[in-house]
Amino acid sequence: MKHILFASLVGLGLATSAQAGLIVADYTSLPDTGPGGVPSISLAGTTVTGSSNVAIGTVPGSRGLGVDGSSLDLGELLTIDYGQLVTNVTAQFYDISPAGNVIYGFEAFNGIISLGTFAIPPHVTEEQNNDLTALAGGITFTKVTFSLSASAPIGLTLHNTTYDAAQAAVPEPSTFALLGIGGLALVGYGVRRRRQQAA
């Protein structure tokens, strides 16, 4: 019975599966910005800004993107603006040794409207890929801002983000067919009632 129900949902276009986005912004591939960084960096439809200039460079253990040098530390913010509603969003960070156990999170926005702040599990490995869409309960958003809530000797570098453009829900052909059948039935019922009343 469960299999039949799932097949029905798939047929109606109601069943979905989580997956990493197909659009990739790999910030480790960008050339160094030099001391002080730049106000913002654009790549693959994203624009990254920080509470101070965004920097790209090599830090102990990893090449990545950050602020105040090339890492995100306590009191700093790093924002990725996707420029559109997005889904299947991931972000890969590197926890620069010897920090360890870094606690951080992100705030999701639709334009300038905050959709909430969401925790990311403590960062206990050097490299960690985060499913931001799942952590935010499946909502779509246009940008995210990362921050640390616990200090560390050195913070995080952002390697990349992946995402898909969020599409508006469009009824599947099978749904249109069901609606059409229902509409014809109502029309037929109305014609029948009129004939009965005329007789």
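1. Let's start with a cation over a ring. K143 sits over the face of F109, 5.2 Å from the ring centre. Bear in mind as you read on that this is a predicted model.

2. A word on confidence, then. The chain averages a pLDDT of 80, with 70% of its residues at 70 or more. Where does pLDDT stay under 50? One such stretch is residues 1–17, for which the model has 11 contacts beyond four places in sequence. Another is residues 175–179, with 3 contacts of that kind. I'd leave both out of the discussion below.

3. On to the aromatics. Searching the whole structure turns up 6 aromatic pairs. One of them is Y82 with Y163: the ring centres are 4.9 Å apart and the planes meet at 65°, so this pair counts as edge-to-face. In sequence the partners are distant, 81 residues apart, with Y82 in strand β5 and Y163 in strand β10 (residues 156–165). Buried or exposed, these two tyrosines? Y82 is buried, at 1% relative accessible area, and Y163 is buried too, at 2%.

4. F106 and F146 make another aromatic pair, this one tilted, with 6.2 Å from centre to centre and 50° between the planes. F106 belongs to strand β6 (residues 102–110) and F146 to strand β9 (residues 141–148), so the pair ties together parts 40 residues apart in sequence. F106 has a relative accessible area of 1% and is buried; F146 is at 0%, so it also counts as buried.

5. Which residues share a cluster with F106 and F146? The single aromatic cluster they belong to also takes in F93, Y104 and F118.

6. Now the backbone. Most residues other than glycine have a negative phi, so a positive value deserves a look. A44 is not a glycine, yet its phi is positive, about 50°. Where is A44 found? A44 is in the loop between β2 (38–43) and β3 (46–59). Its relative accessibility is 31%, so A44 counts as partly exposed.

7. N88 is a second residue to check: its phi is near 50°, again positive in a residue other than glycine. Unlike A44, which is in a loop, N88 lies within a strand, β5 (residues 77–95). What does N88 count as at 15% relative accessibility? Buried, because the cut-off for that class is under 20% relative accessible area. Strand β5 also holds Y82 from point 3, so you can look at both residues while you have that strand on screen.

Terms used. Residues numbered from 1 in each chain as written. Predicted model: local features only at pLDDT ≥ 70, side-chain atom pairs only at ≥ 80, totals over all residues. Heavy atoms only, no water. pLDDT = per-residue confidence, 0-100. Contact = heavy atoms within 4.5 Å. Helix = DSSP H or I, 4+ residues; strand = E, 2+ residues; numbered from the N terminus. Buried < 20%, exposed > 50% of the residue type's maximum accessible area, 1.4 Å probe, protein only. Phe/Tyr/Trp six-rings, centres within 6.5 Å; stacked < 30°, edge-to-face > 60°. Lys NZ or Arg CZ within 6 Å of the ring centre and 35° of its normal.
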